[in-house]
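This report describes selected local features of one protein chain. It treats backbone geometry, charged pairs, cysteines and surface character in turn.

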Amino acid sequence: MWKLRRFLKQYKIYMIIGPLCKFTEAVLELLIPLITADIIDVGVKNGDTAYVWLHGALMVFLGALGLSFALVCQKSASIVSQGFGTRLRNAMFEHINTLSHAELDKIGTPSLITRMTNDINRLQLAVAMLIRLVVRAPFLVIGALIMAISIDLKLSVIFLIASPLIALVLYLVMNRSLPFIKTVQERLDRVSLLSRENLSGNRVIRAFDKQRNDIKRFTDANDELTEMSLKVGRISALLNPLTYVIAQAAIIAIVWFGAFSVNSGELQTGQVIALVNYMTQILLAMIVVSNLVVIFTKAFASAARVNEVFDTKPSVVEGTNEEVTAAENAPAVEFKNVSFAYQGGGYAVKNISFTAEKNMTIGIIGGTGSGKSTLVSLIPRFYDPAEGTVLVDGIDCKDYSFTQLRSKMGIVPQKAVLQSGTVHSNLLWGKADATDEEIEKALKISQSYEFVEKLPEKTMTKINAGGTNLSGGQRQRLTIARALVRSPEILILDDSASALDFATDAALRKAIAEETSDMTVFIVSQRVGTVRYADKILVLDNGELVGQGKHNELVENCGLYREICLSQLKEDEILNREARA
């Protein structure tokens, strides 16, 4: 938790005021048993009613004063803990957005969500308890011991025996529960993952009638979480009984031996009651400490998980914040002996070299898992190649700032993702100050204009999170329109027409060819018809570039490409289309 102290810096005044108020309240609380002893030993013993009323009023006043200080401390703790949580979440969210795809893949979305919610909530609680109780509880224990010693040295030995025993119990419980708490968090991540998979893939699960199977997976994971939580609960449950047993045994000893001291005249009745009160205060303080042990044990585990995110550094580091001047007459994109492998896997693309001149259309085709999406992900630096160089406008991608590099590009990912809001607000992601004319043009090119015009409020129609109130083809066309709004220099369409029918796909390709002649377009697809008229076609197989050229050339010279063509078209159709081309 020490690493996270930077998020508390602006709350220093509250962190001073809060503990000071709690300290003052504890001092006032330690005075109460002494006043009680005086009431019994002086007021009650001598029958002095005025003395009893006066000291009773003093106790009420001290109680009200202590309450006032406690309320100030409570407000200070709330300000600090809520502010700490807010700043920590903001910083963590910002840091997550600096991580590259590789780190996000490694940690996982469910785990990041759990860390930003459950773990930070635990840290907030720990901060609040730090201000409210960490000063008060130990001071009450130490103060009660000192006051007991000042009343009677012999009976205070009971305090000196009981307090270390309670502390030992606390240590043993904390030492045993910490590893289990870490495991609980890991299993909670698993439950979050399964919940997310079930909710996001609910239609697929029902389509294959796998509800029972999914319920079993979730139940098993939940049972594992429950089992581990019960282990932590059993260990934590020992705290209160053991501390109560030790404290109550100490109180019995005080009363027992105190009675002999009263009979011998060494002590007065009120002093014995004061000692019992101090033992009770120690007991209550130790119970608080035991609860703090559980809270802080969980908080330490959560802090480690949060720090793990902050300690994770992006593998793709921004090159410069300065504007880079593109080389003249350079290709729009050039790959030089590029290889890339995902963490823990073999090469996804290997030794790829090609050039894409400005205003060219590049088709990329290959079987599933051949590396098509990986290849185009290297252009905007979602990943960095393990070997080789990717150049944009003659400059190494690594020399650009992310803003400058990605502002050149319009990217349509394989999975169509829309944000909650309106059609209009989603299109403005491509260009924040886009005019109505630019939006209309993008909608027409993407073949979205017709169906958007039929929506209840047209471009102002609300879109649900993920675009669930639209069809798959509509979502894909809107993501294409979003990329086209900014009129990018490089347009990357990563299998972005897979949900479209052949007629719409053909109309889309025709519109892109006619209206984006000033763009370099990358089209990733498994359909021959989608890429056949590209200026250059790249054929991938198991991450290797096995052919590049125009359609006619590849049909003659690339066996894999011809095989793909024959799997989708009849041979005479290929020849006829070649003749027209």
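Where is Lys458 found? In this predicted model, Lys458 occupies the loop between α15 (449–453) and β8 (462–463).

**Backbone geometry**

Lys458 is a residue other than glycine, yet its phi is positive, near 55°. Its relative accessible area is 41%, and Lys458 is therefore partly exposed. A positive phi also occurs at Asn351, which is not a glycine either; the value there is about 50°. Asn351 belongs to strand β2 (residues 347–356), whereas Lys458 sits in a loop.

**Salt bridges**

Side chains of opposite charge can pair when their charged atoms come close. The model contains 18 salt bridges. Three of these pairs are set out below, with the distance between nitrogen and oxygen.

| Pair | N to O distance |
|---|---|
| Arg115 and Glu308 | 3.1 Å |
| Asp119 and Arg305 | 2.7 Å |
| Asp214 and Arg217 | 3.1 Å |

The salt bridge between Arg115 and Glu308 has its closest N and O atoms 3.1 Å apart. Arg115 is located in helix α4 (residues 109–132) and Glu308 in helix α10 (residues 269–311), so this pair ties together parts that are 193 residues apart in sequence. The two partners differ in exposure: Arg115 counts as buried at 7% relative accessibility, while Glu308 is partly exposed with a relative accessible area of 44%.

Asp119 and Arg305 also meet in a salt bridge, at 2.7 Å from N to O. This pair likewise links distant parts of the chain, with Asp119 in helix α4 and Arg305 in helix α10, 186 residues apart. Asp119 has 0% relative accessibility and counts as buried. Arg305 is buried as well, its relative accessible area being 9%.

How many residues apart are Asp214 and Arg217 in helix α8? They are 3 residues apart in that helix (residues 211–237), and so are separated by about one helical turn. Their side chains form a salt bridge with an N to O distance of 3.1 Å. Asp214 is buried, with a relative accessible area of 11%, whereas Arg217 is partly exposed, at 31%.

Salt bridges also join residues into a network, whose members are Lys22, Glu25, Glu29 and Arg136.

**A buried lysine without a salt bridge**

Which side chain of opposite charge is nearest to Lys372? The nearest is that of Asp495, 6.4 Å away; Lys372 is buried yet has no salt bridge. The cut-off for a salt bridge is 4 Å between a side-chain nitrogen of Lys or Arg and a carboxyl oxygen of Asp or Glu. The side chain of Lys372 does, however, reach the backbone oxygen of Gly366 at 3.2 Å. Lys372 lies in helix α11, which spans residues 372–377.

**Cysteines**

Why does Cys73 form no disulfide with Cys21? The cysteine sulfur closest to that of Cys73 belongs to Cys21 and is 6.4 Å away, which is too far for a bond. A disulfide requires two cysteine sulfur atoms within 2.5 Å, and the structure holds 0 disulfides. Cys558 is likewise in no disulfide, the nearest cysteine sulfur being that of Cys565 at 9.1 Å. Both Cys73 and Cys558 have little accessible area by the values given: Cys73 is buried at 0% relative accessibility, and Cys558 is buried with a relative accessible area of 5%.

**Surface character**

A nonpolar patch of about 630 Å² lies on the surface, made by Val157, Ile161, Leu165, Leu168, Tyr171, Leu172 and Met174. Met174 is placed in helix α6, which covers residues 156–200. With 34% relative accessibility, Met174 counts as partly exposed.

Ser407, in helix α12 (residues 402–407), is partly exposed too, at 39% relative accessibility. The C-alpha atoms of Ser407 and Arg196 are separated by 32 Å, and the two residues are 211 residues apart along the chain.

Terms used:
Residues numbered from 1 in each chain as written. Predicted model: local features only at pLDDT ≥ 70, side-chain atom pairs only at ≥ 80, totals over all residues. Heavy atoms only, no water. Buried < 20%, exposed > 50% of the residue type's maximum accessible area, 1.4 Å probe, protein only. Patch = residues over 30% accessible without salt bridge, like charges linked within 9 Å, V, L, I, M, F, W, Y side chains within 5 Å. Areas by Shrake-Rupley, 256 points an atom, 1.4 Å probe, with all protein chains shown as cover. Helix = DSSP H or I, 4+ residues; strand = E, 2+ residues; numbered from the N terminus. Lys, Arg positive; Asp, Glu negative; His and termini not counted. Polar contact = N/O pair within 3.5 Å; in protein donor to acceptor, adjacent residues only side chain to side chain.
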